[in-house]
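User: I am new to this structure and would like a close look at a single part of it. Please take one helix and explain how it sits among the rest.

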Amino acid sequence: MEVSLDKIKELPLEELLGMAIKSEIEARKFYESFAEKIDIEPLKGKILWLASEEEKHEKMLRKLYSSMFPGKEVVFPKEHIGPELQPVAKELKGSQDVIDLIHWAMKAEEIAAQFYEKLMDIVEGEEKKRLMKSLSDMERGHYYMLRAEYELLLDWEMYSQMMHIGP
């Protein structure tokens, strides 16, 4: 089951943090798997960097969870963030094309940024709000980094096709 970004205010914060941690774990695994498919070393390095960033986000969220719910194990709900992410997850699983994978990863980062923006409105206390704002900003940064790579790959693909045109 997916939870719409518009309805997250209806869920308990503990559950939302569990969703966030779960999504960071899944994002890290995706980037690690994606990196294995890439032959272009500079791009592979950037994708592995994103995996390490998602791991850092997971640690930040676990620390927040522990401070808010001391002694409790993180419960990973069955729900996922937003039906908005459903087509993204489906496309990411089915695609082998690097350009397609980057396109769908961009969409996932955009949804993650929106999720953290909404969490910022739910959490109480300036420190927690700053953390959510920071996570949202970082996810947006990931989006823009992926977008730059996406555009470079599109230009390179077009250029390489043009080089094969002729007599």
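Analyst: A residue counts as buried when its relative accessible area is under 20%. The model discussed here is predicted, and the part chosen is helix α1, which covers residues 13–36.

Some context comes first. The protein has five helices and two strands. From the N terminus on, these elements follow the order β-α-α-β-α-α-α. Of the 167 residues in the protein, 41% are buried. Among contacts with a separation of 6 or more, 78% are between residues 24 or more positions apart.

Now to α1 itself. Helix α1 consists of 24 residues, and the distance from its first C-alpha to its last is 35 Å. At 1.5 Å a residue the expected value is 34 Å, so the two are close. Within α1, 17 of the 24 residues are buried, which means that the helix is largely enclosed by the rest of the structure.

One partner of α1 is helix α4, residues 98–122. The axes of α1 and α4 come within 12 Å and cross at roughly 160°. Because of that angle, α1 is roughly antiparallel to α4; angles over 145 degrees are counted this way. The crossing of the two helices is left-handed.

Which residues make this contact? On the α1 side they are L13, L16, M19, A20, S23, E24, F30, Y31 and F34. On the α4 side they are V98, L101, I102, A105, E109, F115, Y116, L119 and I122. By type, the residues of the contact of α1 with α4 are 15 nonpolar, one polar and two charged.

Another residue of α1 meets a different part of the chain: L17 is among the residues in contact with M132. M132 lies in helix α5, residues 126–163. Its relative accessible area is 0%, so M132 is buried. Leaving aside neighbours within four places in sequence, the other contacts of M132 are L61, L64, Y116, L119, M120 and V123. Y116 and L119 also belong to the contact of α4 with α1. I122, another α4 residue in that contact, is ten residues from M132 in sequence, and their C-alpha atoms are 9.8 Å apart.

L61 and L64 are in helix α2, where both are buried. Helix α2 has 28 residues, 41–68, and should span 40 Å at 1.5 Å a residue; its end C-alpha atoms are 41 Å apart, which agrees. Other buried residues of α2 include L43, I47, L50 and A51.

Notes:
Residues are numbered from 1 along each chain as its sequence is written. This is a predicted model: local features need pLDDT of at least 70, side-chain atom pairs count only at pLDDT 80 or more; totals for chains, interfaces and linings use all residues. Side-chain values use heavy atoms; hydrogens and water are left out. Axes are lines fitted to C-alpha atoms, for helices over the stretch in contact, and angles run from 0 to 180 degrees between N-to-C directions. Helices (H or I, at least four residues) and strands (E, at least two) are DSSP runs, numbered from the N terminus. Angles under 35 degrees count as roughly parallel, over 145 as roughly antiparallel, 65 to 115 as roughly perpendicular and the rest as oblique. A crossing is left-handed if the near helix is turned anticlockwise from the far one by less than a right angle, and right-handed if clockwise. Contact means heavy atoms within 4.5 Å. Ala, Val, Leu, Ile, Met, Phe, Trp, Tyr, Cys and Pro count as nonpolar, Asp, Glu, Lys and Arg as charged, and the others, Gly among them, as polar. Buried means under 20% relative accessible area, exposed over 50%, partly exposed in between (1.4 Å probe, protein chains only).
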